[in-house]
Amino acid sequence: MQTDLPKIFCAIDTPDLNRAKDLGKILKGHVDGLKLGLEFFSSVGFDGLNEMTEIGLPLFIDLKLHDIPNTVYHTVKALCRFNPHMLTIHTQGGPAMLNAANDASLEYSHEKGIQRPLLLGVTILTSLVDQDLKAVGVENSISDQVQKLGRLALNCGFDGLVCSPHEVKALRKNLSSMYLVVPGIRPEGSAVDDQKRVMTPKEAKDAGADTLVIGRPITGAQDPAAAAQAIAQSLAEH
């Protein structure tokens, strides 16, 4: 794929390891990597992650860790064994937890002599809107809260953020060094499903996204490889 375009990671949201492996093999050469989240991990665990590494595509392990610092520290070390390209940690866990995650990734990479994964701070889930934040006691707007959490992640040594496409432009302006991974991507005509803050791939690219996470529009297509190719083509068009 062209290096000046956002990378495409396909979200493999299934508890079925064979289905996940089949999708990974079908999509190899058509996407830049695979995202594996809680639905996958809660069903097949570390053994499943190990089998997915054999496909040969970069893995984005998206477990959105949020726990006490010691637990997150040891979990990050355990996940680093699979040499993931990216890991997610909830920024709302606070600075001690974020620093623990950063320490664990740096220590593991130093011990093994390998490159550490990109640590991504999850800001506000794309399924939430301003009213949802107010319901849990956060008075900031989503845009203001994303900026606040993004700066916290940056100060704790994180490489990037997970944010909705609607926050990309402001983050690119105010936190220019952060790598921005963007879910909530829906090609024109696709169902929005449970996402609320969405954009098309081209809109997210134009806003400044580095990586697009796209699941059901690819995995639910009759021909997932063709669907991925169509999305990549839409990004390449001017």
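**Entry 1: helix α1**

What covers the buried residues of α1? I opened the predicted model with that in mind. The cover includes two strands, β1 (7-11) and β2 (33-37). It also includes the helices α2 (38-53), α9 (216-219) and α10 (224-236).

Next I listed which residues of α1 they cover. The helix runs over residues 17-27, and L17, A20, K21, L23, G24 and L27 are buried in it. Looking down the axis of α1, I find these buried residues within an arc of 160°, so they line one face of the helix. The spacing in the list fits a rule I like to keep at hand. An α-helix has 3.6 residues a turn, so residues three or four places apart point the same way. On the other side of α1 I noted N18 and K25, which are exposed. I also noted that K21, a lysine, is among the buried residues, whereas K25 is exposed.

**Entry 2: the whole chain**

I stepped back to look at the fold. I count ten helices and eight strands in the protein. The radius of gyration is 17 Å, close to the 18 Å from the globule rule for 238 residues, so the protein is as compact as a globular protein of that length. The C-alpha trace spans about 45 × 40 × 35 Å along its principal axes.

How many of the 238 residues count as buried? The share is 51%. I then looked at contacts between residues at least 6 apart in sequence, and 69% of them join residues at least 24 apart.

For the surface, I have an accessible area of about 11,000 Å², with 49% of it belonging to carbon and sulfur atoms. On charge, I noted 23 positive and 28 negative side chains. The centres of those two sets lie 3 Å apart.

**Entry 3: two backbone angles**

I went looking for positive phi values. Most residues other than glycine have a negative phi, and most peptide bonds are trans. K64 has a phi near 50°, a positive value in a residue other than glycine. I placed K64 in strand β3, residues 59-65. Its relative accessibility is 27%, so K64 counts as partly exposed.

N83 is another case, with a positive phi of about 50° although it is not a glycine. Where is N83 found? I located N83 in the loop between α3 (69-80) and β4 (86-90).

**Entry 4: P183 and its neighbours**

Is P183 buried or exposed? P183 is buried, as its relative accessible area is 18% and the cut-off for buried is under 20%. I found P183 in the loop between β7 (179-182) and α8 (201-207).

Leaving out residues up to four places away in sequence, I see P183 touching T126, V162, C163, P165 and V213. I also took a distance from P183 to H74: they are 109 residues apart in sequence, and their C-alpha atoms are 27 Å apart.

P165, one of the residues that P183 touches, came up again when I looked at E203. The C-alpha atoms of E203 and P165 are separated by 8.1 Å, with their positions 38 residues apart along the chain. E203 sits in helix α8. At 43% relative accessibility, E203 counts as partly exposed.

**Entry 5: two more distances**

I picked E139 next, in the loop between α5 (130-135) and α6 (142-155). With a relative accessibility of 59%, E139 counts as exposed. I took its C-alpha distance to L23 and got 41 Å, for a sequence separation of 116 residues. L23 is one of the buried residues of α1 from my opening entry.

My last residue was A78, in helix α3. A78 is buried, at 17% relative accessible area. From A78 to L149 I have 25 Å between C-alpha atoms, the two being 71 residues apart along the chain.

Key: Residues are numbered from 1 along each chain as its sequence is written. This is a predicted model: local features need pLDDT of at least 70, side-chain atom pairs count only at pLDDT 80 or more; totals for chains, interfaces and linings use all residues. Side-chain values use heavy atoms; hydrogens and water are left out. Helices (H or I, at least four residues) and strands (E, at least two) are DSSP runs, numbered from the N terminus. The radius of gyration is taken over C-alpha atoms; the globule rule is 2.2 Å times the number of residues to the power 0.38. Buried means under 20% relative accessible area, exposed over 50%, partly exposed in between (1.4 Å probe, protein chains only). Contact means heavy atoms within 4.5 Å. Accessible areas come from the Shrake-Rupley method with a 1.4 Å probe; for residues, only the protein chains shown count as cover. Lys and Arg count as positive and Asp and Glu as negative; His and the chain ends are not counted. The place of a charge is taken as NZ of Lys, CZ of Arg, CG of Asp or CD of Glu. The arc is that of the directions from the helix axis to the C-beta atoms.
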